[in-house]
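Visitor: I would like to look closely at one part of this model, and to see afterwards how that part fits into the whole. Please take me through it slowly.

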Amino acid sequence: MTFPQEKVDKIEKVLKEQGALQTCEVCHNHSFRIFEKYTYIILQDEQGVEEGQREFPAITTMCENCGHFNFHNVNAIFHPDEE
Ligand SMILES: [Zn+2]
């Protein structure tokens, strides 16, 4: 299930306020797609993923010209009681 439009609007608003949707660092394009699902970034050691691993839900944006991805920690966008 994708995010409701209200949540997408909030994400876009916060990312714009933070300056995260201005210029692609690779190609300098100014247009980004915001994906409507979380990406999980998982930390692991040399043996792989362990129980109790640390994982971070992230909002993913992609440059609409070159496809460069950016990941933004959800906690930097929403307060814990806000989701
Ligand atoms: Zn780009």
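How many C-beta neighbours does His28 have inside 10 Å, and does this residue count as buried or exposed?

Guide: His28 counts as exposed because it has 11 C-beta neighbours inside 10 Å; by definition a residue is exposed if 12 or fewer other C-beta atoms, placed from the backbone, lie within 10 Å of its own, buried if there are 20 or more, and partly exposed in between. Before going further, please keep in mind that this is a predicted model, in which local features need pLDDT of at least 70 and side-chain atom pairs count only at pLDDT 80 or more, while totals for chains, interfaces and linings use all residues. Residues are numbered from 1 along each chain as its sequence is written.

His28 is found in the loop between helix 1 and strand 1, where helices (H or I, at least four residues) and strands (E, at least two) are DSSP runs, numbered from the N terminus. The backbone of His28 has a phi near 70 degrees, a positive value in a residue other than glycine. Most residues other than glycine have a negative phi. A glycine can be set beside it: Gly19, which follows helix 1, also has a positive phi, near 80 degrees.

On one side of this loop is helix 1, which comprises residues 5-17. The expected span of a helix is 1.5 Å times one less than its number of residues, so the 13 residues of helix 1 should span 18 Å, and the distance of 18 Å between its end C-alpha atoms agrees with that. On the other side of the loop is strand 1, which covers residues 32-42 and is one of the edge strands of a sheet, pairing on one side only.

That sheet is open and has three strands in the order 1-2-3, with antiparallel pairing; two strands are said to pair if DSSP finds at least two bridges between them. Strand 1 and strand 2 run antiparallel and are joined by eight bridges, and Arg33 stands opposite Met62 in strand 2. Strand 2, residues 55-63, also pairs with strand 3 in the antiparallel sense, over five bridges, with Met62 opposite Phe69 and Thr60 opposite Phe71 in strand 3. The hairpin of strand 2 and strand 3 has five residues between the strands, and there Gly67 takes a positive phi near 85 degrees.

Helix 1 packs on this sheet, touching strand 1, strand 2 and strand 3, and its direction makes about 90 degrees with that of strand 1; such angles run from 0 to 180 degrees between N-to-C directions, with axes that are lines fitted to C-alpha atoms, for helices over the stretch in contact. Contact here means that the C-beta atoms of two residues, placed from the backbone, lie within 7 Å. One example is Ile11, which is in contact with Ile34, Ile59 and Ile77, leaving aside its neighbours within four places in sequence.

Ile11 also belongs to the largest nonpolar core, made up of five residues in all, the others being Leu15, Ala58, Ile59 and Ile77. A nonpolar core is a set of buried Ala, Val, Leu, Ile, Met, Phe, Trp, Tyr and Cys residues joined through C-beta atoms within 7 Å. Helix 1 and strand 2 are the elements that give two or more residues to this core.

A second histidine, His72, lies in strand 3. His72 is partly exposed, because 19 other C-beta atoms lie within 10 Å, and it touches Leu15, Ala20, Ala58, Ile59 and Ile77, not counting residues up to four places away in sequence. In strand 2, where Phe56 is found, this phenylalanine is partly exposed, with 15 other C-beta atoms within 10 Å. Phe56 is in contact with Tyr40, Ile41 and Asn73, its neighbours within four places left aside.

Stepping back, the protein chain has one helix and three strands, which follow the pattern α-β-β-β along the sequence. Buried residues make up 11% of its 83 residues, and its C-alpha trace spans about 40 × 30 × 25 Å along the principal axes.
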